[in-house]
Amino acid sequence: MRPDFQRIVPDLLYSVMAARKLLGISHTTIYEYMRQSPPVLPYRRSENGWHRLILGSDIIFLLDHPQVKRGRKRKKR
């Protein structure tokens with residue numbers, strides 16, 4: 001089933017790239033949200049373990065409660 005970018009289905013699993021388009025943020029921001037503890041954006045692994053899949057209800061929650069990103073961390077000189 002291809003994702004409909006007009007309507008998010010809460011029970012459908014979305015790829016990182018589909019979630020990026022739905023949320024309007026970069027894929028590095030999505031990976032940063034997944035890496036935080038506890039994760040801002042929880043995910044599941046696909047059956048083969050290669051892909052990260054995000055539940056549609058988690059995308060809807062993040063749309064309703066946006067997180068503030070501080071930007072890229074730079075090295076101090």
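This is a short tour of a predicted model, stop by stop.

**Stop 1: the whole chain**

Show the protein chain as a cartoon. Look for three helices and three strands. Trace them along the sequence and the pattern reads β-α-α-β-β-α. Now colour by burial. Of the 77 residues in the protein chain, 26% are buried. Switch on the surface: the accessible area comes to about 6400 Å². Carbon and sulfur atoms account for 50% of that area. Contacts also link remote parts of the sequence. Take the contacts with a separation of 6 or more: 45% of them join residues 24 or more positions apart.

**Stop 2: the segment before β1**

Select Val9, in the segment before β1. Is Val9 buried or exposed? Neither label fits, because its relative accessible area is 28%, which makes Val9 partly exposed. Add Gly56 to the selection. Val9 and Gly56 are 47 residues apart along the chain, yet their C-alpha atoms are separated by 5.6 Å. Beyond its neighbours within four places in sequence, Val9 is in contact with Tyr14 and Gly56.

**Stop 3: helix α1**

Select residues 16-23, which form helix α1. Show side chains for Val16, Ala18, Ala19, Leu22 and Leu23, the buried residues of this helix. Turn the view to look down the axis of α1. The buried residues fall within an arc of 160 degrees, so they line one face of the helix. What do they pack against? Four elements: β1 (13-15), α2 (27-35), β3 (52-55) and α3 (56-64). Step just past the end of α1 to Gly24. Gly24 takes a positive phi of about 75 degrees.

**Stop 4: helix α2**

Move on to α2. Its buried residues are Thr29, Ile30, Tyr33 and Met34. Look down the axis of α2 as well: these residues fall within an arc of 140 degrees, so they line one face of the helix. Their cover includes α1, β3 and α3.

**Stop 5: where α1 meets α2**

Keep both helices on screen. Two packed helices are described by the angle between their axes and the distance between the axes. Here the axes of α1 and α2 come within 9 Å and cross at roughly 105 degrees. That crossing makes α1 roughly perpendicular to α2. For the contact itself, select Val16, Met17, Ala19, Arg20 and Leu23 on the α1 side. On the α2 side, add His27, Ile30, Tyr31 and Met34.

**Stop 6: the loop after α2**

Follow the chain out of α2. Pro38 sits in the loop between α2 and β2 (44-45). Zoom in on the bond that joins Ser37 and Pro38. Which kind of peptide bond is it? It is cis, with omega about -10 degrees.

**Stop 7: the nonpolar core**

Hide the cartoon and show side chains. The largest nonpolar core has 16 residues. Pick out Tyr14, Leu23, Ile30, Leu41, Ile54, Ile59 and Leu62, the residues with the most contacts inside this core. Each of α1, α2 and α3 supplies at least two core residues. Which helix gives the most? The answer is α1, with five residues.

End on Leu62. Leave aside its neighbours within four places in sequence, and Leu62 is in contact with Leu23, Tyr33, Val40, Leu41 and Gln67. Two of these names came up earlier: Leu23 is a buried residue of α1, and Tyr33 is a buried residue of α2.

Methods: Residues are numbered from 1 along each chain as its sequence is written. This is a predicted model: local features need pLDDT of at least 70, side-chain atom pairs count only at pLDDT 80 or more; totals for chains, interfaces and linings use all residues. Side-chain values use heavy atoms; hydrogens and water are left out. Buried means under 20% relative accessible area, exposed over 50%, partly exposed in between (1.4 Å probe, protein chains only). The arc is that of the directions from the helix axis to the C-beta atoms. Contact means heavy atoms within 4.5 Å. A nonpolar core is a set of buried Ala, Val, Leu, Ile, Met, Phe, Trp, Tyr and Cys residues joined through side-chain atoms within 4.5 Å. Accessible areas come from the Shrake-Rupley method with a 1.4 Å probe; for residues, only the protein chains shown count as cover. Axes are lines fitted to C-alpha atoms, for helices over the stretch in contact, and angles run from 0 to 180 degrees between N-to-C directions. Angles under 35 degrees count as roughly parallel, over 145 as roughly antiparallel, 65 to 115 as roughly perpendicular and the rest as oblique.
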